[in-house]
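Please open the model in your viewer and keep a selection box at hand. The stops below say what to select next and what is to be found there.

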Amino acid sequence: MKKITSIIVCIFLVAFAVDDVGAKNRHHRHKHPTEAVPGVPVIDYMDLLDFDYPGTVITEVILDEGGDMPAHCIVKGFMNERTGIGFPPITPAATTYAIGFEMRLPTAWNGRYFYQANGGIDGAVVPAYGNISGGGSALEMGFTVISSDTGHGGGPFFGMDHQARIDYGYNAVAELTPMAKSLIKNYYGKFPDKSYFAGCSNGGRHTMVAASRYADEYDGFFAGSPGFNLPQAAIAQVWGAQQYATISEYVDGRPDISSSFSPEDTALVSDAVLAVCDGIDGVVDGMVSDPLTCQALFNINRDVPTCEDPDEEECLTYAQKSVLARIHAGAMTGSGDPVYTHFLWDPGIRSNNWRFWEFTASRSLDPGAVGLIFSVPPDPNCIFGGLDWVLNWNGTGFDVDRDAPKIYATDDTYTEASMSFMTPPDLLMKQLYARGGKLIVFHGTSDAVFSVADTINWYEALSARYRRRTKDFARLFIIPGMAHCSGGPACDRFDLFHALVDWVEKGIEPDTVTAWPNPDNPEVPSDWSPSRTRPLCSYPAVPVYQGGDLEDDSSFRCE
Ligand SMILES: [Ca+2]
C-alpha cells in the first residue's frame, strides 16, 4: 500500500513538472463543468462572533433582514494587526495597520463566494454588495461577498510601510481568501462550491494579480479596465500633466493644465475620429467598433483643422496637436524610452471622465501614489511639494529620467519593487490555464488612465503562447467608446459576469454578449435609441453591420 501511494505521488509530481501546453490542456479538457449547489446557514449568525481563525478578530455581526438586498448577515473584522511606519505629521510615526474586512452572507445562499476587489488605492472597507461592472450585484444574486481595505487606511501614506505596500499589492488577498472560505464553512456547513474574483480599475489589477498568484483558490476571474502595470500608468499621468502644462494658461503663477484643452477642443478631436473611423464597421452610428483599424487611418495633423490662435474655434494649434500626439504615443523618457504603453485615438476623448484623469487625477491622485507607494525610496515631497512637484517646477519635482526607474528599485527597507508587488508575476497565467480556470477581461477604448492597448498587448502575448487554446480559458472584450470602467459615449451595460459563471459552471463559451447604453449616462448621444443594443465580441473579433435595424444587435455579427 505504501508503495502504491508513493507511485501515485510520483506520477502527480511528474504531471506538474511538465511545462507542456498540450499536456496541461489534455488535463483540463477532461474536467467537466459543475454547478454550485445552494445552501443555508447551519449555525445562528451570532455564533460567528466566536469564529476562530489565526490572526483574525471578529468585531461585529449584524443581521440585515432584507430590503434592497436579500436577507443576509454582515460580519466585520480584521486580520494581522500590527504596528508599522507612518507618515508624520499626517499619520503617527508608529501607525497601527490591519487588514480590515466585511463579509455579507445571504440567508438563501447560492453556494458561491465572491471576492470584491475595490478601486483606487483601497484603504476603506467598501460595503460588500459585490457590485458588478456592467450592472448587478453578487450579493443580490445570492453570493457571499467579502470586501477589504487591503491592510491600510485612507490616503497614500501607508506607502512608507513596506508590509503595507505588500498587503496592498497582493498579500491581503492571500490572507483573506482562506479565512473567508473557512468562515463560509463555519456558517453554511460547507465550503463554497465555486469561487469568483472581480473588480475594475485597481480592482481589475487585483483580479489579474490573483489570477496569476492564486489561481487555485478561484474558478472564475472578472477583470475590468485592469491597471496591471499600475505604477507605469501612474507615472504616465504625472508625465502627462507636465506635457499639458507646456500649453496651459497661468493661474497664480502656475500653469492650469485643464486650460490646455477646452471641452470644445476634445469634442472636436472626437468628431474628427468619428469622421474617419465610424464607418469602418459598416454603419455610421456614433461608434467606432473596430478601434485598431481606426488607429492606422486617423491622423490628427491631417484630420483636425489647424489654427495659429488658441482662442479660435473648430481648430487646434500645432502645439496642442503635438501635445495630444505625445500623450497618445505614451509616456517616455527624455531619450525616448517608453515608460508606459500608448493610448488609442477614440471618440470617447470627449467624455468628462477623460478630462478627470488627464487634468485632475494627474495632479491630485497620481502624485501620492507615485511618490509614496510606488517609489523606492519614497519621496515625501510628492505630498509636501504639491503642484510644484507635479510640474517639476524649477526642477524641484518629478523628473521622469531620474524618477521613473524608482518603480523598479529596491533597498534594504523596501525589498520588493512596486513593479513586482503591483503586477501579475506571470502574465501568461500558467497556473490558471493548467487548472482549467476562466478569466474574462473587459476594457474601454477611451480609458484615459489604463490604456486598452496595454491589455490588448497582454492578450496578444497570451495568444502567441497558447494559440487557439487561448480562448479555452481567457477572453478579452473591448468596449467601444467606454471611459474608465464605465461612462463615455458607449454601451457600457452588459452581463459579462453572468457569461463567466455560465462558462465556469456550464461550459458555455462566451463568444458574444449583448451590451446597451446606461439610461442615466448623459454622455450617450441623443440620437441613439434608448433601446439600442450591440454585441460585445470576444477579441479579436469586432461587430460588423450586416444590414437591418441599426439600433439592434441582431443586425451585427462578430467577425
Ligand atoms: Ca460605426
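Begin by selecting Arg-467, the residue that follows helix H17 and whose phi is positive, near 50°. The model is a predicted one, and every value given on this tour is to be read with that in mind. Now extend the selection backwards to helix H17 itself, residues 452-466. At 1.5 Å a residue, the 15 residues of H17 should span 21 Å, and because the C-alpha atoms at its ends are 21 Å apart, the expected and the modelled spans agree. Which residues of H17 are buried? They are Val-452, Ala-453, Asp-454, Thr-455, Ile-456, Trp-458, Leu-462 and Tyr-466, so colouring these eight positions is optional but helpful. The next stop is an open sheet of 3 strands, which has the order S12-S13-S14 and antiparallel pairing. Strand S12 (493-494) and strand S14 (534-537) stand at the edges, and because each has a single partner strand, one side of each is left without a neighbour in the sheet. Select S12 together with strand S13, residues 512-516, and you will have an antiparallel pair joined by 2 bridges, in which Arg-493 stands opposite Trp-516. On moving to S13 and S14, you will find that they pair in the antiparallel sense over 4 bridges, with Thr-514 standing opposite Pro-535 of S14.

Another group of strands comes earlier on your route through the sequence numbers, and it can be followed from strand to strand. Select strand S1 (residues 56-64) and strand S2 (residues 72-85), which run antiparallel and are joined by 8 bridges. Within this pair, Thr-56 has Met-79 of S2 as its bridge partner. Keep Met-79 selected, since Ile-99 in S3 is in turn its bridge partner. S2 and strand S3 (residues 94-106) run antiparallel and are joined by 12 bridges, and here Thr-83 can be found opposite Thr-96 of S3. Is S3 mostly covered or mostly open? It is mostly covered, with 10 of its 13 residues buried. From S3, go on to strand S5 (residues 144-148), to which S3 is joined by 4 bridges in an antiparallel arrangement, and look for Met-103, which stands opposite Ile-146 of S5.

For a stop in a loop, select Pro-424, which is found between helix H15 (418-421) and helix H16 (430-435). Why does Pro-424 count as buried? It does so because it has 20 C-beta neighbours inside 10 Å. If you also select Arg-205, you will see two residues that are 219 apart in sequence, while the distance from C-alpha to C-alpha is 8.2 Å. Leaving out residues up to four places away in sequence, Pro-424 touches Met-208, Val-209, Ala-211, Ser-212 and Phe-228.

Ala-211 leads on to the next selection, for it is also among the residues in contact with Leu-439. Not counting neighbours within four places in sequence, the other contacts of Leu-439 are Phe-221, Ala-223, Met-429, Leu-432, Phe-473 and Ala-474. Leu-439 belongs to the largest nonpolar core, which has 149 residues, and together with Ile-235 and Leu-496 it touches the most other members. Helix H3 (residues 162-188) gives the most to this core, with 12 residues.

To finish, step back to the whole chain and colour it by domain. The domain assignment of the protein gives domain 1 (1-30), domain 2 (35-200), domain 3 (232-415) and domain 4 (438-559). Select domain 3 and domain 4, whose centres, taken over C-alpha atoms, are separated by 25 Å. How many residues does each of them bring to the contact? Domain 3 brings 26 residues and domain 4 brings 29 residues. On the side of domain 3 that touches domain 4, helix H5 (230-245) and helix H10 (352-364) each supply at least two residues, and the largest share, 5 residues, comes from H10. By class, this side of domain 3 has 12 nonpolar, 9 polar and 5 charged residues.

Technical notes: Residues numbered from 1 in each chain as written. Predicted model: local features only at pLDDT ≥ 70, side-chain atom pairs only at ≥ 80, totals over all residues. Domains from an automatic or database assignment. Contact = placed C-beta atoms within 7 Å. Nonpolar A, V, L, I, M, F, W, Y, C, P; charged D, E, K, R; others polar. Core = buried A, V, L, I, M, F, W, Y, C linked by C-beta atoms within 7 Å. Buried ≥ 20, exposed ≤ 12 C-beta atoms within 10 Å, placed from the backbone. Pairing = 2+ DSSP bridges. Expected span 1.5 Å × (residues − 1).
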